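Morning, everyone. I have one structure to go through today, starting with the whole chain and then moving to individual strands. Please have a look at it first.

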Amino acid sequence: MIQEVIITTRSSTGVNQIAPMGIVWHGQQVVVAPFRPSRTLANILSEGCAVINYCDDVRVFAGCLTGHYEWPLAEAEQVSAPRLAAALAHSEVKLQRVEDDPLRPRLFCQPVCEANHRPFRGFNRGQAAVLELAILVSRLNRLPPDKIEREIEYLEISMDKTAGENEWQAWDWLIEKVYILRQQIKESTE
Ligand SMILES: Cc1cc2nc3c(=O)[nH]c(=O)nc-3n(C[C@H](O)[C@H](O)[C@H](O)COP(=O)(O)O)c2cc1C
């Protein structure tokens with residue numbers, strides 16, 4: 001099972017990085033798999049650690065794809081990386097082993113500290129729709145435009161029925177990005 005989380009890391013020069021990623025648990029270890037090139041990958045390799053943030057504020061997921069990075073951070077307890085203040089919970093992890101790959105290395109990490117901050121209040125279909133749209137946006141240049149149009153129409157049904165303010169903010173950022181990216185793709189093929 002893949003779980004969508006926010007990974008926070010810090011570079012050797014002290015620059016913080018926030019990125020949505022899918023993680024997979026293998027027993028006590030968690031695998032992070034960033035595509036090259038990736039600042040998250042470079043930071044985990046150089047610093048040997050990261051924080052996995054379990055977050056239901058989908059604005060963070062959408063924000064990282066649309067240039068909104070100003071999410072409040074706090075210091076982690078046992079690793080040299082920040083944690084996301086909005087997270088419901090977080091795991092601080094240390095890098096144990098790398099399965100190298102030219103496209104997508106797999107980083108096996110071990111939790112060294114975990115904390116809960118606020119309760120999980122249940123699933124929201126609007127949040128799921130925003131995550132799906134975020135995935136579409138991150139693959140926009142590889143998908144046919146009519147497929148994107150159909151998916152947006154379908155996802156909008158859950159948004160209309162169930163989304164709150166945060167979900168609509170995230171949705172609007174992503175829709176704006178779809179139009180910008182589409183325009184760029186159109187201009188580059190003309
Ligand atoms: C829900 C979601 C899951 C993602 N999962 C991954 C992932 O597992 N690996 C990856 O390289 N990028 C993933 N991405 C895309 C990255 O977040 C994005 O490319 C980001 O810029 C990573 O680059 P960075 O490490 O340089 O910040 C995901 C995006 C979303 C919205």
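A residue is called buried here when its relative accessible area is under 20%, and exposed when that value is over 50%. By that cut-off, 42% of the 190 residues of the chain are buried. Keep in mind that this is a predicted model.

Overall dimensions next. The C-alpha trace spans about 45 × 40 × 30 Å along its principal axes. A compact globule of 190 residues would have a radius of gyration near 16 Å, and the 17 Å of this chain agrees with that. The exposed area is about 10600 Å², with 50% of it supplied by carbon and sulfur atoms. On charge, there are 20 positive and 25 negative side chains, and the centres of the two sets are 4 Å apart.

Now the secondary structure. The chain contains 5 helices and 8 strands. In sequence order the pattern reads β-β-β-α-β-α-β-β-β-β-α-α-α. If you take contacts between residues at least 6 apart in sequence, 66% of them join residues at least 24 apart.

Two strands deserve a slide each. The first is E4, residues 49–54. How much of E4 is buried? The count is 5 of its 6 residues, so the strand is largely enclosed by the rest of the structure. E4 pairs with E1, residues 3–10, in the antiparallel sense over 3 bridges. Within that pairing, Ile-6 has Asn-53 of E4 as its bridge partner. E4 also pairs with E7, residues 89–99, again antiparallel, over 6 bridges. There, Val-51 has Glu-92 of E7 as its partner.

The second is E3, residues 29–32. Which residues cover its two faces? Gln-29 and Val-31 lie on one side, Val-30 and Val-32 on the other, and all of them are buried. E3 pairs with E2, residues 16–26, in the antiparallel sense over 4 bridges. Ile-23 has Val-32 of E3 as its bridge partner. The hairpin of E2 and E3 has 2 residues between the strands, and Gly-27 in that hairpin takes a positive phi near 60°. E3 is also joined to E8, residues 106–116, by 3 bridges, and these two strands run antiparallel. In that pairing, Val-30 stands opposite Cys-109 of E8.

To recap the pairings: E4 pairs with E1 and with E7, while E3 pairs with E2 and is bridged to E8. That is what I have for today.

Key: Residues numbered from 1 in each chain as written. Predicted model: local features only at pLDDT ≥ 70, side-chain atom pairs only at ≥ 80, totals over all residues. Heavy atoms only, no water. Rg over C-alpha atoms; globule rule 2.2 N^0.38 Å. Buried < 20%, exposed > 50% of the residue type's maximum accessible area, 1.4 Å probe, protein only. Contact = heavy atoms within 4.5 Å. Areas by Shrake-Rupley, 256 points an atom, 1.4 Å probe, with all protein chains shown as cover. Lys, Arg positive; Asp, Glu negative; His and termini not counted. Charge placed at Lys NZ, Arg CZ, Asp CG, Glu CD. Pairing = 2+ DSSP bridges.
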